[in-house]
Amino acid sequence: MTMTTDIVIIGGGPAGLQAALSIGRVHRQAVLLDDGTYRNARVTHMHNVIGQDGTPPATLRAAARAELAAYPTVEVRDVRATTVTPRPDGTYAVTLAAGEDLVARAVILATGVRDELPQVDGLQDLWGGRAAQCPFCHAHEFAGGRFGILGTGPAAHLTALLEPVAGSLVLLPLEGDPAGAPVRAVRDTGGGVDVTLADGSTEHVDVLFLRPELHQGAPFAAQLGLARNDSGAIRVDELQRTSLPGVMAAGDLAHVPALPMPMQSVVMAMAAGQVAASAAVMSLIGPRP
C-alpha cells in the first residue's frame, strides 16, 4: 500500500515534533514517524529549557503530541522507517517497517545521534544520570561536588566549563591516554560514583563528565548519500537544507559547516525543527534558490 503526503518527518523528538507543529500551522499535509527511539531516553529530567526546566522528556513529548492533535493536516504514527529512496519525479519514497510506502514531496530527517561511550565497565548504567556530556544540562544539580572528567581529550574544554560549578575536579584517564592509570570500572553507590583504576586504586566523585563519540542514529544519511561534516553529522545550510533537494535535517544529527559539531540541546533541536519545516514548506512552493 502507498500513501502520499506533502512532507514526511522521521523522528519524534523535539526537532521532529516542532517541525510537525510548524507545518500544521500552515495547513500542509505531514506525517511524523516515531519509532520510540530517543537519545535522551535515560534522562529523567531535562534542563536549560526555559519554561520547562526540570521537566521529564517524556512529559514534553506527550504534551507536544496532544498539541499536534489539534491540527488535522498532521498525522503522528508510531512506526519505524527503514529506507528513504529518491524517485525519478523528485519525490521520495519512505518505506515503513511493515512494508508500506509513504511518498512525499519533502523529507525532514530528525533521527538524532547515537552516543558511543568509552569501554568502561558500568558506564552505560550511569549514562544520563551520574554520567553526562553537557555541563549546561547536567552540572548544576551537582554543584559544589567532586566532578570527574573521563579522558584527557576533552579535559581542557570541560574543565573550563565546570570550574565555576564544581567544588573540585579530578581528571580520570581512559585506556590509551598518555598519563596515569586508566579507568577500568565505575559504579553508582547511590550517593556518588566509585571509580576503579587499572592500578587498583579508587576515586570517588559525585558525577562524571565525558565526550562520547557521535554516530548517526539512523541509516538515512548514508542511504541518500548526503554530504557530511568532519564530525560525521549531516551538512546543512542555514535553512537546514541538505545536499539533496527536498531533504532537510534538524537536531543533533546535523549542523552547518562553520560549527565543529552539533549544538546539542533541546532548545536548539526545536529551533532547527522550525527552520527545517519552513524550508520544507518553501520547497513545495517553488524551486530551491
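In this predicted model, the second largest pocket holds about 490 Å³ of space. Of the 21 residues that line this pocket, those closest to its centre are Cys134, Phe136, His157, Pro262 and Gln264. Three helices, α4 (135-138), α5 (155-162) and α7 (266-285), each supply at least two residues of the lining. When the lining residues of this pocket are divided by character, 15 are nonpolar, five are polar and one is charged.

One of these helices, α5, leads from the pocket to a sheet, for α5 lies across the strands β9, β10 and β14 (207-209), and the helix runs at about 160° to β9. These strands belong to an open sheet of four strands, whose order is β8-β14-β9-β10 and whose pairing is parallel. The strands β8 (131-132) and β10 (168-172) stand at the edges, and because each has a single partner strand, one side of each is left without a neighbour in the sheet. Within this sheet, strand β9, which covers residues 146-150, is joined to β10 by five bridges, and the two run parallel. A reader who wishes to find this pairing in the structure can look for Gly148, which stands opposite Val170 in β10.

Another pairing of strands can be followed in β4 (residues 81-86) and β5 (residues 92-96), which run antiparallel and are joined by five bridges. Here Thr85 has Ala93, in β5, as its bridge partner. Together β4 and β5 form a hairpin, with five residues between the two strands, and in the turn Gly90 has a positive phi of about 90°.

Methods. Residues numbered from 1 in each chain as written. Predicted model: local features only at pLDDT ≥ 70, side-chain atom pairs only at ≥ 80, totals over all residues. Heavy atoms only, no water. 1 Å grid on protein atoms, 1.4 Å probe; cavity = no way out; pocket = protein on both sides within 12 Å on 5 of 7 lines; lining within 4 Å. Points joined across faces, edges and corners; volume = space filled by probe spheres on them. Nonpolar A, V, L, I, M, F, W, Y, C, P; charged D, E, K, R; others polar. Pairing = 2+ DSSP bridges. Contact = heavy atoms within 4.5 Å. Axes fitted to C-alpha atoms, helices over the stretch in contact; angles between N-to-C directions.
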